[in-house]
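Here are some exercises to work through with the structure open beside you. Try each task before you read its solution.

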Amino acid sequence: MRRRRLLGLLAAAPAIARSAAAQDADWNKVVDAAKKEGKVSIYTATVGSPFHKKVFDAFESKYGIKVDRLEARASEIRERVRVEQAAGRFLGDIHHNGSTTTWLMTRDGNFQPHGTLPNYKNIDTTYEPDDTKIPAEVISYCVLVNKNLVKANDEPKSWKDLLDPKWTGKILSDDYRALGGGAVFFPVMLKAFGREFHEKLAQQKPVFSRDIQNSERRCARGEFPIYIPFSLQDYNNLKGLPVKPVVPAEGRPYVRFDLAMLKNAPHPNAARVFMNFYLEPESQLVFGNAGYAPVVKGVVEKTLPEIRDLLATKPMGTTDPPKQDEMLALAKEIYK
Amino acid sequence: MTVAVPLDHREGAFVRGLSRYGRPLSIGLLVLALGFLTVYPLAMLLYGSIHSTPPGMAGEFNAAGYRALLAPDNLQALANTALISLVKTGLSLSLAILMAWIIARTDTPGRGVLEILITLPFFIPPILTATAWAMLGNKQVGTINLAWRWITGGDGTLIDVYSYGGIVWHMMQYSTPFIFLFVVDAFRAMDPSLEEASRMSGATRWQTFWRVTFALMLPVTTSAFILSFIRGMEAFESAVFFGTPVNIKVLTTQIFDLITQRAQPDYQAATAMGFASLVLMGVLLVLQGRLLRGRSFTTVTGKAYAPTVARLGPWRWLTFAICVGFFVLTVALPVGQLLLSSFFQFFGFYQLDMLTLDHYRSVWGNDEFWRAFGNTMLLGFVGATATMILGGIIAYISTRTTWPGRKLIDVLAWLPWMMPGMVLGIGFLWGFATLPHWMPIYGSLWALLLAYMALGTPVAVRVTSGAYAQIARDIEECSRVHGANWGQTMLRILVALAWPAFAVGWVLIFFGIMRELSASILLYVPDTQVMSVVMLKMWNGGKPEDVSVVGLIMLALVLLFRWVQLRFIKQRISTL
């Protein structure tokens, strides 16, 4: 039995080897075509991120293909793509945006299939790709505390510790009634702890703000001891300030960012090579060290020690795009 | 004695044709140009407001967008917006007029320098002053409150900037210098014989001020009031910073929500809100027209004059203190904060071990920033110049001719100002992207230039209209009688006399272009990046200190420009 299986394998080996070689050859053709195209244009909703710039620059160095970045906020990117495509102007190759916006744009037919990519095999099974999108990186949310105002044993160990009366009026928060971290926090907590959690949190009178950068600094300056939900990758901007990120026991709510190829992309081969490059462990390590959760296997273990412990915590859940508007409406109802 | 020179017969038919068709042709061209700049994007928005989906998507026509305006939330927001804007414009106008009078018509010491300093706040990006005031006035650990607690020994709160008051105060940082810039030159360009006549007829100083000086300035002050009130209705940063945390909603935050804070953006309701506010502003304009109708505001005549400077005696130190006080509160405090923060690792953390030049190095070495700086300078110079020329022509036609169609041109020129910036930005995106592909506008610097011109024309027209209203017709007629053609009269008489207004308008538009974000972010492509977009990237990328450095660079530019501008004025009007 075993011998037959072994013989079968030996017989199949050349076929498998030829198929792998053929795939490599196919991919090399794509890479050559990409280099001839010479340019790839990415519409990204990550505005001003030095880590993304690092990965884009690494791609340029490796392949000699120029990366043109159009950065704008999620809804601006979406409207530009929609209008351009409606007007028959196909200028962008790749779309990089949060999962909700990507889901909506898939539904609206703004993307085209990107074909198989060799680095599919690297992807962590938590984040499934499909025909038109691949996972890019993941933003994790936790709690930011001011070290001077919050002693170590007072730090929230569970998300439910936020309901403790000692934090009444002292929580600065991203708005749950608006898109962004707050809109991820709200449904994840709702699912984990029920509506009661939010009703009690509303009684804590959290102060809502939409300016995330400033909110983090306000916490650092001691205006508020706690800021939620804190995007872990923003910790890079706060090193040296008296703040620290805390991931409660239940884990970190997260949101996925996706890459998708835009319909009628002018440089489709360059786009495919770019998407593949994004899934290289080296690229993902840049994001990992910055505090994004990598989407590729075996990268968290290689990240810097101070970030590894925070990333190695449980992913707690994410948004459900079809239910987004319903969640926003519920948040408006509970947090008047 | 010279007489008007008749047309040379050799030029014959062409010139005769031009002189007969020249006028309707120029009006036609102007209407076309203005129509493209203003009506076209607004038409796209109007479509968006009555159609269930934006242009390019299948949908149906309905009034859902306008019905949504009646929701209690939106009505409350509208009421808040109008109230906040009214209060801040009223306060700013009073303060600006007081300071304009002090600078232009009294012997307060240091007027030249004070004039420049007073106008500085207008040129600082609002996000920076908002951050500075948030640090100064938050009720927990704001610097002002900490100082108050130290003085009184208690733990009370003197000011809480997260309130209606905070929103109004922050908006005043911009509207006071804005209005000041409008009115100060009007105060300067005033023939004192009218005031002297008033005093000689027995009026007190107070009566003279109100019934002569102030009354003559009505075109300028009402224009400034309306421009500023409208701007106040459209203010965004102040409300989002200081209002949202305490649940104060205004028009622009509602529109912002509709566009960016839904999984499915509601452009229909957003554009409908934009039009509702446009109609409201239109009503205001009609009221202004009624107020000014039939009255003459001529103060600059062919006679030589020097405006009287009131001698205040010891009171001039009080006026000096008022101006210095304004400067300290609105400039020294926040700019001091910016300056300080640019040398420390983190905004607001003044520890010696955090002193650094990193932010200056970071901006200096940021290629993307310098490319954007180059784009912005080019767009600013060309845009401001082109807009002032266009505005000057429109203002001339609408205020100094009786040509048919001049009212239409005036209205068209107002329209972009009355539509909130973020809605108008979408209008430009929809408009330019759907143009035929052979027109090289979308995706090029032209898109940005045209958008900026549309946005700046209202200021250009208002500023020059106000100045023209003060210039007597007899000067123009004198020029024509002496043989100058229309162009020469325009340039060597009107523009020369209205030069201060042109210079002020140019500077306002130039810096408006530098700060414009709503349209820029929707129209830029990687090659045409502008400063405001790069500053947004710096801010979002966690580098507010780099933004402070850029803010300081902009301030240095302002000081340079204003110095140049005032030197030109001194050469032309020797009364300072």
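## Exercise 1: A serine at the end of a helix

With 22 C-beta neighbours inside 10 Å, B:S342 counts as buried. Keep in mind that you're looking at a predicted model.

**Task.** Find which helix holds B:S342, and list what B:S342 touches beyond four places in sequence.

**Solution.**
- Step 1: Look along chain B for helix α14, residues 316-342; B:S342 is found there.
- Step 2: Check the burial. The cut-off for buried is 20 or more other C-beta atoms within 10 Å, and B:S342 has 22 neighbours, so B:S342 counts as buried.
- Step 3: Leave out residues up to four places away in sequence, and B:S342 touches B:H359, B:Y360, B:E545, B:S548, B:V549 and B:L552.
- Step 4: Now try B:P544. It sits 202 residues from B:S342 along the chain, yet their C-alpha atoms are separated by 9.1 Å.

## Exercise 2: A strand between partners

**Task.** Work out which strands pair with β6 of chain A, and in which sense.

**Solution.**
- Step 1: Start with β6(A), residues 171-174. A:I171 and A:S173 point one way, while A:L172 and A:D174 point the other way. Both pairs are buried.
- Step 2: Go to β8(A), residues 226-231. This strand runs parallel to β6(A), and 3 bridges join them. A:L172 stands opposite A:Y227 there.
- Step 3: Go to β7(A), residues 207-209. Again the pairing with β6(A) is parallel, over 3 bridges. Here A:D174 has A:S209 as its bridge partner.
- Step 4: Before you leave β8(A), stop at A:P229, which has its place in that strand. The peptide bond from A:I228 to A:P229 is cis, with omega near -20°. Most peptide bonds are trans.

## Exercise 3: A helix with lots of company

**Task.** Decide whether α3 of chain A is largely enclosed or largely open, and say what packs against its buried residues.

**Solution.**
- Step 1: Get the length. α3(A) covers residues 74-86, which makes 13 residues, and reaches 18 Å from its first C-alpha to its last, close to the 18 Å expected.
- Step 2: Check burial. 11 of the 13 residues are buried, so α3(A) is largely enclosed by the rest of the structure. Among the buried ones are A:I77, A:R80, A:V81 and A:E84.
- Step 3: Look for the neighbours. In chain A, the buried residues pack against β1, β3, α4 and β10; in chain B, they pack against α18 and α23.
- Step 4: Step just past the helix, and A:G88 takes a positive phi of about 75°.

## Exercise 4: Where the chains meet

**Task.** Find how many residues of each chain are in contact, and which element of chain A gives the most.

**Solution.**
- Step 1: Take the totals. 44 residues of chain A are in contact with 43 residues of chain B.
- Step 2: List the elements of chain A that give two or more residues: β2, α3, α4, β7, α7 and α11.
- Step 3: Pick the top contributor. α3(A) gives the most, with 8 residues.
- Step 4: Sort the chain A side by residue kind, and you get 15 nonpolar, 12 polar and 17 charged.

## Exercise 5: A bent helix

**Task.** Say where α19 of chain B bends, and by about how much.

**Solution.**
- Step 1: Take the span. α19(B), residues 445-470, has 26 residues and reaches 37 Å, close to the 38 Å expected.
- Step 2: Find the bend. It's at B:G456, by about 40°, and the proline B:P458 follows within four residues.
- Step 3: Check the surroundings. 24 of the 26 residues of α19(B) are buried, so this helix is largely enclosed by the rest of the structure.

## Exercise 6: Two asparagines

**Task.** For A:N264 and B:N247, say where each is found and whether each is exposed or partly exposed.

**Solution.**
- Step 1: Recall the usual case. Most residues other than glycine have a negative phi.
- Step 2: Take A:N264. Its phi is positive, near 55°, and A:N264 is found in the loop between β10 and α8 of chain A. With 14 other C-beta atoms within 10 Å, A:N264 is partly exposed.
- Step 3: Take B:N247. Its phi is positive too, near 65°, and B:N247 is found in the loop between α11 and α12 of chain B. With 9 other C-beta atoms within 10 Å, B:N247 is exposed.

Methods:
Residues numbered from 1 in each chain as written. Chains lettered and ligands numbered in written order. Predicted model: local features only at pLDDT ≥ 70, side-chain atom pairs only at ≥ 80, totals over all residues. Buried ≥ 20, exposed ≤ 12 C-beta atoms within 10 Å, placed from the backbone. Pairing = 2+ DSSP bridges. Expected span 1.5 Å × (residues − 1). Contact = placed C-beta atoms within 7 Å. Nonpolar A, V, L, I, M, F, W, Y, C, P; charged D, E, K, R; others polar. Bend = angle between axes of the 7 residues up to and from the residue.
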